[in-house]
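User: I would like to learn how to read side-chain features in a model. Please walk me through one.

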Amino acid sequence: MKIDRVIFCLNNNPTYTGLWNPISRAWKLKWDITPTLMFVGTEEDLKSHNLSKEYGDIVRLNPVPEVVVNPSLDWSTTWALFYGATLYPNEVSTLMGLDQLLLSDTFLKEIATNDKVTSDAYIISLADAYKDLPGIYPSAWHIAKGETFKKIYSVEETWEDEVKKVFSQKEKYPRLIPYKWWGLDEAYSSDVIRSKFSEYPILMYGMFHSYWYPSRLDRGGRLEYSVADLRNGKYSEAHLPRPFEDHKEYIDKLINDLL
């Protein structure tokens, strides 16, 4: 399986808005994977951020007021990742945070050469990430064809109908009430995934603690790196400092060294 697209989501949150332009350049030029941004906001919002289409695609989705509980940390924006993948039914997409940058092709080679990874597979790479929440999976690094995303989650045809459908399930997750439903995307998608093991070839990669985290450049830990090691694929990914404007020098250097 080869990944064709990496799907990101974004709204007006200034913590993330500056990351799209440099991150899209890195994903496209280094990995030949098409960055695709699901922007949840008005046309005026989108234009105000000067988001470039030079290295990727941008899809604008209207906010759905009925499901927006906390505008400053809107859970519904994160569901645009899953909806966005379905817009490309015959392409393999991976979901990703804008502050994540792949630094090695180790995992790309793994899924390209593993005989168990068939064209209709659904991969969760970070299946073991949440030790304190067994059975809950991060939304990053879900990988499948768009048509597979659509079938597994029974995704509605319109963004509005789809996000309302997911929001209608919120009462199943009372632990998210204090967070104003932030994390609903992961709680809901994890429930769906667990219910579909017998219907689809869902592959769980428990690689977070053995591979991704130990060799990651992380804003919560190690950010220093060796250029030689970077170019030799010794680091798995970067969990970047943010916002971009406050860390421009570091991020620009990392991307230039990677390229």
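User: With which side chain does the side chain of T78 make a polar contact?

Analyst: First, the ground rules. This is a predicted model, where local features need pLDDT of at least 70, side-chain atom pairs count only at pLDDT 80 or more, and totals for chains, interfaces and linings use all residues. Residues are numbered from 1 along each chain as its sequence is written, and side-chain values use heavy atoms, with hydrogens and water left out. A polar contact is a pair of N or O atoms within 3.5 Å; within protein, one must be able to donate a hydrogen and the other to accept it, and residues adjacent in sequence count only if both atoms are side-chain atoms. Here, the side chain of T78 pairs with that of D185 at 3.4 Å.

User: Where is T78, and which residues is it in contact with, neighbours within four places in sequence aside?

Analyst: T78 belongs to helix α3. Helices (H or I, at least four residues) and strands (E, at least two) are DSSP runs, numbered from the N terminus. Contact means heavy atoms within 4.5 Å. With neighbours within four places set aside, T78 is in contact with C9, W182 and D185.

User: Is T78 buried or exposed?

Analyst: Buried means under 20% relative accessible area, exposed over 50%, partly exposed in between (1.4 Å probe, protein chains only). T78 counts as buried because its relative accessible area is 10%. W182, in the loop between α6 (159-167) and α7 (184-195), is partly exposed because its relative accessibility is 36%.

User: Why is helix α3 largely enclosed by the rest of the structure?

Analyst: Twelve of the twelve residues of α3 (residues 75-86) are buried, so the helix is largely enclosed. Among them are W75, W79, F82 and Y83.

User: How should I read a nonpolar core? Which residues have the most contacts inside the largest one?

Analyst: In soluble globular proteins, nonpolar side chains tend to be buried together. A nonpolar core is a set of buried Ala, Val, Leu, Ile, Met, Phe, Trp, Tyr and Cys residues joined through side-chain atoms within 4.5 Å. The largest core has 51 residues, and W27, L101 and W141 have the most contacts inside it. Its largest share, five residues, comes from α1. A second, separate core has 39 residues, including L61 and F149.

User: What surrounds L101 and W141?

Analyst: Residues up to four places away aside, L101 touches I23, A26, W27, E237, A238, L240, I255 and L258. W141 sits in the loop between β6 (122-124) and β7 (142-145). W141 is buried because its relative accessibility is 0%. The side chain of W141 makes a polar contact with the side chain of E237 (3.4 Å). E237 is also one of the residues in contact with S215.

User: How many salt bridges are there?

Analyst: Side chains of opposite charge can pair when their charged atoms come close. A salt bridge is a side-chain nitrogen of Lys or Arg within 4 Å of a carboxyl oxygen of Asp or Glu. The structure holds 18. In one of them, K164 meets E160 at 2.9 Å, N to O. Both lie in helix α6, four residues apart, about one turn of the helix.

User: Which residues are joined into one network by salt bridges that share partners?

Analyst: Take the pair of E171 and K170 before that, with closest N and O atoms 3.8 Å apart. E171 is exposed because its relative accessibility is 56%, whereas K170 is buried at 18%. As for the network, shared partners link R5, D57 and E91.
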